[in-house]
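Me: Could you take a close look at the empty space inside this protein for me? I would like to hear what lines it and which parts of the fold contribute.

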Amino acid sequence: LLSDNLSWGAWLLSTIAQPPTKDASKARNEGDASAWQEEWLDRLHNVKPIHARWLTHSNGGSKYWKRNFHLADMGAPKVPILSIGGLAAGAYSNSVPRLSAAGAQSKKGNNVTAILGPWAHQLPHISPVGPQFGLLQEVLDWISSTKDRSPTTEPQFRVYAERVQTPAALAADDTPKGCWLGFKNSVTAHEAVGTLPFNLSPNQQLANINEDAPLEATKLSSKEETVKVGGAVKEGSGSAPAGLAGGRLFTFSGSPADLAVDQQVDDDKSACFDTSALTEDILVLGAPVVSIQLQDEAPHGLLIARLNAVSPIGESIRLTYGIVNLSKTNTSGAKPTVSLTMNYTSKVVSSGWKLRLAISSDYWPLVVPQFQSYTSSIIIGGAATSYLSVPAVSLSSSHVKKAFKAAEGMALPDVHVAKGEKVTPLTAGKQSCETQHKGKDLTVVREDDRGIRRMEERNGLTLQARCTEEYSLGGQKAAGHKVQWTTSLMSDPDQHADDSWKAVTKVWCDMEANEDQFVLKTRVEAMDGDKVIFSRSWSDSLSRNGI
């Protein structure tokens with residue numbers, strides 16, 4: 001279970017609990033200002049915590065999630081599709097190459113145009129993670145070509161490959177270092193890149209199986225070993241599991257508080273396997289797959305795999321990662337094997353660096369931990385079926401050069417932002433993330449201050465919003481997650497001298513996860529000026545059922 005289940009639920013609850021503006025309410029009610037509060041209260045009486053409902057459908061097979069869900073085997077799309085995603089937007093970006101692959105199945109020609117950039121969970125022309133991209137112009141060009149039904153010789157799968165840099169290099173110059181590549185579709189991209197296969201070998205090595213790979217030679221040990229990847233989090237231990245360097249599921253703002261940082265602290269709490277040094281630059285493009293043979297006959301708990309790039313001086317930069325809940329896999333029999341597919345990635349790793357596979361049984365606070373008292377063990381070396389497949393190829397490959405030229409020949413649309421509503425920032429927003437040790441408790445606190453903004457075209461209406469999230473391990477709660485949203489809407493006193501108003505909504509969402517249950521507590525409070533006009537609380541206890 002991702003911690004963002006509660007984060008998103010709290011944000012949505014806060015959003016739908018907001019009041020109408022008095023101006024809009026008066027317009028709907030023939031100038032009756034008193035109807036404003038009645039409209040707001042009617043809305044508040046109908047809100048419900050959505051995150052509790054999500055938790056009741058937390059198994060992937062639930063019909064709740066399959067409604068309006070396009071399966072991976074949906075076949076070729078019957079209508080033209082423009083799919084655009086950002087690699088800093090978390091697992092959402094996986095849908096872009098998946099749709100491109102579906103379009104490749106069409107017998108009438110590919111009707112899916114797919115663009116995968118480095119962007120945050122924002123529109124690419126305003127993404128704080130760049131380089132930015134002219135979304136509006138791209139959409140207009142796509143509509144024009146679709147309307148004309150004119151066939152195109154241009155690549156319909158474009159992807160940005162960013163060069164991995166050390167934290168020091170990024171601090172000195174944060175200008176994006178990378179290039180665009182163009183392929184017919186994501187299937188041809190996969191064929192062009194191919195895979196580098198590795199065996200998980202003793203002595204913390206990834207033994208290279210392909211003799212033609214751009215790495216120094218390594219040999220797989222004939223000796224079979226069992227390696228522990230770490231036990232479940234122990235209540236009250238105060239110890240930090242792997243995951244503190246993992247950042248958030250995705251970023252809106254590109255803030256360092258959201259992004260994954262140097263992975264060495266998490267690598268120290270994981271079973272790690274390194275390649276030898278790269279002998280030339282490589283392109284990693286696609287979704288790495290790791291197959292792991294387990295020691296346990298009835299595996300349970302979590303298994304997290306990260307693919308990192310390790311600099312010559314030891315800095316570890318995450319390329320991608322994947323998570324599997326062993327309790328929900330179809331593994332049975334002695335020494336079963338589980339396969340884990342990581343998120344799609346597009347990175348250039350420089351010569352002299354190494355690739356690292358890091359395996360752990362926790363990734364907190366991004367993932368809610370499980371508390372069974374066990375130790376995950378994997379079998380490596382010898383005849384074990386533990387291996388890693390990395391979609392990668394030398395940057396000097398003719399296929400990569402062809403893809404670079406294909407994208408280079410396409411003019412990128414200029415970044416243009418259409419005139420929108422004028423908003424004046426009165427105070428700047430800021431984000432922070434701090435890890436604290438309180439006795440036997442370990443706490444991570446995230447602050448997201450959205451600042452104060454005045455909406456000039458809405459009679460100077462002022463909006464202020466702030467979110468605080470606290471994740472905790474230890475004590476009597478096992479794992480806790482608290483989210484508090486405070487949002488204020490206030491009229492401009494200069495424009496509403498006789499009818500000024502201020503509305504405040506507060507939302508508290510609290511989840512405690514122990515070995516068997518999720519305990520949820522939710523409260524919504526609304527204030528008209530300094531007077532509380534609405535307050536309601538909900539409590540739910542739900543079985544974890546292996547989640």
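Reply: Happy to help; here is a walk through the enclosed cavities, then one open pocket, with a little background on the whole chain. Please keep in mind that this is a predicted model.

Let's begin with the setting. The protein has 547 residues, and 49% of them are buried. Its secondary structure consists of eleven helices and 26 strands. Of the contacts between residues at least 6 apart in sequence, 70% link residues at least 24 apart. The accessible surface is about 26200 Å², with carbon and sulfur atoms accounting for 50% of that.

Now to the cavities. Counting those of 30 Å³ or more gives three cavities. The largest cavity holds about 70 Å³ of space. Around the largest cavity sit Ser3, Asp4, Gly247, Arg248, Leu249, Pro365, Leu366, Arg446 and Tyr471. Sorted by class, that lining comprises four nonpolar, two polar and three charged residues.

The second largest cavity contains about 60 Å³. Its lining is made of Ser3, Trp364, Pro365, Val367, Val368, Pro369, Tyr471, Ala479, Gly480, His481, Met511 and Ala513. Ser3, Pro365 and Tyr471 appear in the linings of both the largest cavity and the second largest cavity. In the second largest cavity, strand 23 (478-490) and strand 24 (502-513) each provide at least two lining residues, and strand 23 gives the most, with three residues. By class there are nine nonpolar and three polar residues here, and no charged ones. The lining of the largest cavity, by contrast, includes three charged residues.

Next comes an open space, the second largest pocket. Its volume is about 1300 Å³, and 43 residues line it, with Val129, Glu162, Leu259, Ala260 and Lys347 lying nearest its centre. Two or more lining residues come from each of strand 3 (157-163), helix 8 (167-172), strand 12 (316-325) and strand 14 (345-349). Strand 12 contributes the most, with five residues. The lining of this pocket divides into 22 nonpolar, twelve polar and nine charged residues.

One last detail concerns the cysteines. The count of disulfides is zero. Cys179 is partly exposed, because its relative accessibility of 22% is above the 20% limit for buried residues. Cys433 is partly exposed too, at 37% relative accessibility.

How values were computed. Residues are numbered from 1 along each chain as its sequence is written. This is a predicted model: local features need pLDDT of at least 70, side-chain atom pairs count only at pLDDT 80 or more; totals for chains, interfaces and linings use all residues. Side-chain values use heavy atoms; hydrogens and water are left out. Helices (H or I, at least four residues) and strands (E, at least two) are DSSP runs, numbered from the N terminus. Buried means under 20% relative accessible area, exposed over 50%, partly exposed in between (1.4 Å probe, protein chains only). Contact means heavy atoms within 4.5 Å. Accessible areas come from the Shrake-Rupley method with a 1.4 Å probe; for residues, only the protein chains shown count as cover. A disulfide is a pair of cysteine sulfur atoms within 2.5 Å. On a 1 Å grid over the protein atoms alone, a cavity is a set of points where a 1.4 Å probe fits but cannot get out, and a pocket is an open set with protein on both sides within 12 Å along at least five of seven lines; lining residues have an atom within 4 Å of a point. Grid points are joined across faces, edges and corners, and a volume is the space filled by probe spheres set on the points. Ala, Val, Leu, Ile, Met, Phe, Trp, Tyr, Cys and Pro count as nonpolar, Asp, Glu, Lys and Arg as charged, and the others, Gly among them, as polar.
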